[in-house]
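Student: I'm new to this one and would like a close look at a single part. Could you take me through it slowly?

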Amino acid sequence: MTAHTDPTGKKLGMWLFLYTEIVLFGGLFVLYAVYFAGYTEDFIAGAKELDLFFGVVNTIILLISSFCVAAGVTAVQKAHYRIALAGLWGALACGAIFLVNKYIEWGHKFAHGIYPGSDRLVDGPGGQNLFFGLYFVTTGLHGLHIIIGMTLLAVSLVLVTRQKITPKNNAMLDNSGLYWHLVDLIWIFIFPLFYLVV
Amino acid sequence: MTSFYQTPEPAGFTGIRSWLITFDHKRIALLYLFSILFWFLLAVTLGGLIRLELMFPGKTVLGAQMYNSVFTLHGVIMIFLFIIPALPAIFGNFFLPIHIGAEDVYFPRLNLLSWYLYMAGGIVAIVSLFSDGFPDTGWTFYVPFSISTNTNVSTAVFAAFILGFSSMLTGLNFITTIHKMRAKTMGWLQLPLFTWSLYATAWVQLLATPVITITLVLVVVERLFNVGLFDPARGGDPILYQHLFWIYSHPAVYIMILPGMGVISEIIPVSARKSIFGYKAIVASSLAIAIAGSLVWAHHMYTSGMSDTAVFVFSLLTFVVAIPSAIKVFSWVATLYKGAIEMTPPLLFSLCFIYLFSVGGLTGLVLGAAGANIHVHDTHFVVAHFHFTMFGGTGFAFFAALHYWWPKMFGKMYDFKKAYIAAILVTVGFMLHYVPMFVLGLQGMPRRYYDYLPQYAAGNFFAGFGALFMIAGIGLMMVNLLTSLARERTAAADDPWGGVTLEWTIPSPPPLHNFAKDPEVMDYPYDFTKVAAVGPGAAPMDPETGK
Ligand code: HEM
Ligand SMILES: [Cu+2]
């Protein structure tokens with residue numbers, strides 16, 4: 001009667017799931033690779049038009065958020081709930097700032113007539129259309145993942161407040177943390193691909 | 001002992017409602033069983049309509065547009081709602097935990113969630129029927145047509161997206177379960193072969209499904225925002241869609257067939273009272289199929305305009321995947337050789353499986369060879385080939401599994417005679433239906449056309465009769481199985497076939513808690529020395545008396 005499940009299985013399941021997320025973005029990266037090989041010049045020109053400032057700031061913000069989450073996870077293991085809550089709040093705040101930045105950044109692009117199907121992209125060189133097309137699709141999907149990650153962290157936060165997450169029973173928090181790190185990691189790939197190809 | 005049908009019900013959730021909130025893997029398996037049967041029968045009806053339309057030249061019952069929608073819906077349901085989930089979700093859920101001596105899967109709630117996602121996907125597919133007309137793209141959703149047609153492709157694609165998610169979560173659940181919940185004394189080489197095949201399948205599900213997810217997302221994105229990623233006029237490359245689609249969808253055919261092979265590997269040794277020939281070779285070939293099968297996707301694209309080198313490489317790799325499949329067929333046949341064979345309905349279905357699947361596999365080599373492929377690409381030859389593998393293969397394995405495990409799941413035995421008649425009707429009808437399609441394809445009749453030239457009339461007319469027999473056989477089989485539930489006198493024995501894997505050591509139907517005490521794991525999962533000592537033919541029960 002093997003009814004009792006050991007907690008490592010929950011982590012195993014989460015790792016397998018994270019793997020599928022990597023492949024999901026992997027599909028977009030494959031498209032990027034193929035089109036980059038075909039339209040190298042256009043991609044470089046496109047990268048120059050992206051605002052490096054926003055890219056760098058968002059990268060730093062996500063790194064800080066990952067630190068906050070890691071601190072929160074460790075704090076719960078030591079039963080320091082105040083620190084854990086602070087970490088989670090910090091990470092949520094970072095996520096929110098990231099989204100606001102993205103909103104402003106996209107807004108600038110829209111204002112310059114750069115959005116899917118815009119005249120400038122449709123009539124311009126095909127390579128630039130693809131670069132910005134991939135940019136919007138990839139960062140849009142990543143933004144969606146940020147929102148999902150924030151939801152998971154918010155649920156964990158509530159559970160910590162209600163003392164449902166304890167040093168012995170912290171799989172939910174652990175897994176939310178893993179998810180957040182993954183979303184962060186994916187950004188670490190997106191950032192150089194789109195902002196730094198020169 | 002009370003069975004899992006008499007599970008205590010929480011207040012407010014009695015009767016059918018207690019099933020909708022159950023976490024028990026056996027109950028979830030039955031939820032899947034009945035929902036999948038529903039979709040299957042619906043799609044069979046649609047298949048019959050296609051056949052009826054094609055029976056006579058010119059318009060018969062469906063118009064051209066209607067025909068396109070019907071074959072799309074037929075394909076979408078058969079692939080995403082029947083053949084991919086059927087064996088893992090029903091029999092995997094029911095028997096995988098029992099096979100490894102566990103109480104349940106590792107994530108019971110996720111398991112229920114997968115079922116709800118499955119139902120949601122089905123409902124969304126139906127919703128797309130009633131708004132703007134059902135998609136007419138075929139189940140492959142090829143761009144540019146899928147992006148430009150006015151029918152409701154986005155909804156159908158979204159349905160496929162949800163269904164993919166559901167199947168992926170089931171795979172994730174199984175991998176974790178096998179790794180973490182095996183009985184303490186059970187090593188990897190003591191796993192039953194059905195469980196092994198589910199393990200290999202689960203990995204393919206997990207590795208490949210995210211690719212279709214992103215592909216479908218891109219179709220929706222293109223329809224909504226018109227980005228132009230696959231539009232040559234705007235720099236995109238249409239063939240990239242086909243690559244992404246087949247990187248999932250070719251491995252998906254192994255998601256469909258591997259569990260079927262697992263079922264046959266269970267039934268053959270039990271029916272022959274003989275340890276399976278080449279246990280390790282079968283395990284290794286499952287894994288080899290899973291790996292090699294992921295590398296051959298572009299054999300669907302020989303005519304799409306790939307480089308000659310690519311055509312050559314993919315053609316070669318395609319021939320390589322045939323080897324592990326052949327290893328399994330040889331192992332089954334070798335197991336039967338000099339066995340003490342007891343004919344039963346599951347065995348008859350398994351034998352039909354071996355034959356039909358072999359034909360499907362061999363014609364697959366015709367399609368894998370680039371030269372021959374160019375002649376028969378997108379003709380009825382292809383339609384015949386994939387029905388031989390998917391329907392003759394997985395479909396028949398599904399029928400075999402139904403007849404093999406039905407007594408265990410419900411504690412009821414069905415009528416053997418009707419089961420034999422149904423098996424023969426389905427098989428003969430199958431041959432009459434699809435063999436003419438090989439000929440039609442070689443003559444050049446294209447697929448997905450609702451009308452044809454006069455020289456194809458005779459073949460289509462005969463094929464129509466085959467479909468009729470086949471559908472009648474399926475109907476008889478369903479009636480036979482379902483009426484068995486109503487009749488009291490045919491209770492099933494705990495081990496009607498003389499099987500030795502763990503599910504046969506517990507009562508039929510199983511109790512709520514699978515194992516009252518730790519199960520005894522055999523050193524070797526197909527050791528029939530004890531059964532054989534009683535003498536061949538002694539173990540199976542008499543279908544009339546149930547003793
Ligand atoms: C009574 C059973 C069935 C009948 C009468 C039937 C009939 C047909 C016919 C005539 C077509 C050809 C459409 C065309 O290319 O013009 C077709 C397509 C197809 N069938 Fe079946 N079929 C049956 C069972 C199945 C099963 C069990 C499966 C799945 C395992 C299946 C999967 C498909 C798929 C995927 C297509 C391709 C649709 C497309 O081209 O988009 N069918 N069927
Ligand atoms: Cu293929």
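Student: Which side chain has an N or O atom 2.7 Å from an oxygen atom of ligand 1? I'd like to see that spot, and then how the rest of the model sits around it.

Tutor: Happy to. Keep in mind that this is a predicted model. The side chain you're after belongs to Arg448(B), with one of its N or O atoms 2.7 Å from an oxygen atom of ligand 1. Arg448(B) has company there: 26 residues are around ligand 1, and those that come nearest are Tyr67(B), His74(B), His387(B), Arg447(B) and Arg448(B). Take Tyr67(B) next, where a polar side-chain atom lies 2.9 Å from an oxygen atom of the ligand. Tyr434(B) also points something polar at ligand 1, but here the partner is a nitrogen atom of the ligand, at 3.4 Å from a polar atom of the Tyr434(B) side chain. So much for the ligand.

Stay with chain B for a moment and look at two of its prolines. Most peptide bonds are trans. The bond joining Val143(B) and Pro144(B) is cis, with omega about 0°. You'll find Pro144(B) in the loop between helix 5 (108–127) and helix 6 (145–148) of chain B. Another cis bond runs from Ser508(B) to Pro509(B), with omega near -15°. Pro509(B) also belongs to a loop, the one between helix 16 (457–486) and helix 17 (529–533) of chain B.

Now slide over to where chain B meets chain A. The contact involves 42 residues from chain B and 33 residues from chain A. The size of an interface is often given as the accessible area lost when the parts come together. Here the two chains bury about 3000 Å² between them, and 73% of that is on carbon and sulfur atoms. The rule finds 0 salt bridges across this interface, while 8 residue pairs, both residues at pLDDT 80 or more, are in polar contact across it. On the chain A side, helix 1 (8–38) and helix 6 (126–161) each supply at least two residues. Helix 1 of chain A gives the most, with 16 residues. Sorted by kind, the chain A residues that touch chain B come out as 20 nonpolar, 11 polar and 2 charged.

What does chain A look like as a whole? It has 7 helices and 0 strands, which reads along the sequence as α-α-α-α-α-α-α. Its C-alpha trace spans about 65 × 35 × 25 Å along the principal axes. An unreviewed UniProt entry annotates residues 12–32, 52–76, 83–100, 130–158 and 178–197 of chain A as "transmembrane region". Try two of those spans on the model. Residues 130–158 of chain A are 100% helix and 0% strand, with end C-alpha atoms 42 Å apart. Residues 178–197 of chain A are 90% helix and 0% strand, and there the end C-alpha atoms lie 29 Å apart.

Two more details in chain A are worth a look. Over all chains, the structure holds 7 salt bridges. One of them pairs Glu49(A) with Arg120(A), whose closest N and O atoms are 2.9 Å apart. Glu49(A) sits in helix 2 (residues 40–49) and Arg120(A) in helix 5 (residues 119–123) of chain A, so the pair ties together parts that are 71 residues apart in sequence. The other detail is in the backbone. Most residues other than glycine have a negative phi. Ala79(A) is not a glycine, yet its phi is positive, about 65°. Look for Ala79(A) in the loop between helix 3 (52–77) and helix 4 (81–111) of chain A.

Notes: Residues numbered from 1 in each chain as written. Chains lettered and ligands numbered in written order. Predicted model: local features only at pLDDT ≥ 70, side-chain atom pairs only at ≥ 80, totals over all residues. Heavy atoms only, no water. Contact = heavy atoms within 4.5 Å. Buried area = accessible area lost by both parts, 1.4 Å probe. Salt bridge = Lys/Arg side-chain N within 4 Å of Asp/Glu carboxyl O. Polar contact = N/O pair within 3.5 Å; in protein donor to acceptor, adjacent residues only side chain to side chain. Helix = DSSP H or I, 4+ residues; strand = E, 2+ residues; numbered from the N terminus. Nonpolar A, V, L, I, M, F, W, Y, C, P; charged D, E, K, R; others polar. UniProt positions renumbered as here; feature names shortened; annotations may be inferred. Near = heavy atom within 4 Å.
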